[in-house]
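Let's take a friendly walk through this protein, one spot at a time. Have a look at the picture first, then read on.

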Amino acid sequence: MSLVSHATSERRGENHWLLRFELHLPYSYEALWHAVTTPDGLRGWLAAADVLERRLGGAVTLRWLNTATVASGHVSAWDVERVAEYTVAGLGRMRFHLEAVGTDSTVIRFVNERGGSDEARLDCLAGWHEHFELLEAALAGRPTDWSTWTDSRWAGLRASYASFTTVRKAS
């Protein structure tokens, strides 16, 4: 059973969004830090990190292995073992904030601040949701075999987000 619950989204002006996930995972923050900040870790659930300079201001280029998407940008926040944030063209700001809960559990607070239409918002919510499910599997020792990936899970999640969506307007 997946530990990923539906995200929330918040409108920030016309065609600008904050997408938020909060995950409580039964893995140490060291395991999560590796998964969100190293090329090997990212490849198992998100994308190939063709360039990843692991420091504030460092260059980053992510290449999604299930689509033709390539996005380049920079590391916009870096607090070792706590916060990794990548700001990349077309995909906006992606912030992973890790908080250890004891020695064998971690909370990830994830925010994706991005532009786009409401349809693009739904696509991204479904995409991030699926990627976080893939993260769970990778942490359990089952990294994604991108050669067998299909969009069927994404399509189901997309339909779910279209019918169940929480949109808040910024105050």
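How are H3 and H4 oriented to each other? Keep that question in mind while you find the two helices, and remember that you are looking at a predicted model.

## Two helices that cross

Two packed helices are described by the angle between their axes and the distance between the axes. Here, helix H3 covers residues 118–139 and helix H4 covers residues 152–163. Their axes come within 8 Å and cross at roughly 125 degrees. An angle over 145 degrees would count as roughly antiparallel, and 65 to 115 as roughly perpendicular. Roughly 125 degrees falls in neither range, so H3 and H4 are oblique to each other. As for handedness, H3 passes H4 in a right-handed crossing.

Who does the touching? On the H3 side, the contact is made by Glu119, Leu122, Asp123, Leu125, Ala126, Gly127, His129, Glu130 and Glu133. On the H4 side, you'll find Arg153, Trp154, Leu157, Arg158, Tyr161 and Ala162. Sort the residues of this contact by character and you get seven nonpolar, two polar and six charged.

## Two buried residues of helix H3

Stay with H3 and look for Phe132, which sits in this helix. Is Phe132 buried or exposed? Its relative accessible area is 0%, so Phe132 is buried. If you skip residues up to four places away in sequence, Phe132 touches Val4, Phe21, Leu23, Trp45, Phe96 and Phe110. Gly92 makes a handy distance check: Phe132 and Gly92 are 40 residues apart along the chain, and their C-alpha atoms are separated by 18 Å.

Leu134 is found in H3 too. Its relative accessibility is 16%, and the cut-off for buried is under 20%, so Leu134 counts as buried. Now try Leu134 with Trp45: they are 89 residues apart in sequence, yet 5.0 Å apart in space, C-alpha to C-alpha. Trp45 also turns up among the contacts of Leu134, along with Gly44, Thr144 and Trp146, once neighbours within four places in sequence are left aside.

## Along strand E1

Next stop: strand E1, residues 8–11, which is where Ser9 has its place. Ser9 has a relative accessible area of 2%, so this residue is buried. Which side chain does the side chain of Ser9 join in a polar contact? The partner is Arg121, and the contact is 2.8 Å. There is also a short C-alpha separation to check: Ser9 and Leu19 are 10 residues apart along the chain, with 4.4 Å between their C-alpha atoms.

Glu10 also lies in strand E1. With 7% relative accessibility, Glu10 counts as buried. The side chain of Glu10 makes a polar contact of 2.7 Å with the side chain of Arg12.

## Positive phi in two loops

Now for a couple of backbone oddities. Asn15 is not a glycine, but its phi is positive, at about 60 degrees. You'll find Asn15 in the loop between E1 and strand E2, which spans 16–25. Its relative accessibility is 39%, so Asn15 counts as partly exposed.

Glu81 is not a glycine either, and its phi is positive as well, at about 65 degrees. Look for Glu81 in the loop between strand E5 (70–79) and strand E6 (83–88). With a relative accessible area of 34%, Glu81 is partly exposed.

## A histidine in strand E5

Finish at His74, which is found in strand E5. Its relative accessibility is 36%; exposed would need over 50% and buried under 20%, so His74 counts as partly exposed.

What does His74 contact, leaving aside its neighbours within four places in sequence? The list is Gly57, Gly58, Ala59, Val60, Glu85, Tyr86 and Thr87. And how far is His74 from His24? The two are 50 residues apart along the chain, and their C-alpha atoms are separated by 27 Å.

Terms used. Residues numbered from 1 in each chain as written. Predicted model: local features only at pLDDT ≥ 70, side-chain atom pairs only at ≥ 80, totals over all residues. Heavy atoms only, no water. Axes fitted to C-alpha atoms, helices over the stretch in contact; angles between N-to-C directions. Helix = DSSP H or I, 4+ residues; strand = E, 2+ residues; numbered from the N terminus. Parallel < 35°, antiparallel > 145°, perpendicular 65-115°, else oblique. Left-handed = near helix turned anticlockwise from the far one by under 90°. Contact = heavy atoms within 4.5 Å. Nonpolar A, V, L, I, M, F, W, Y, C, P; charged D, E, K, R; others polar. Buried < 20%, exposed > 50% of the residue type's maximum accessible area, 1.4 Å probe, protein only. Polar contact = N/O pair within 3.5 Å; in protein donor to acceptor, adjacent residues only side chain to side chain.
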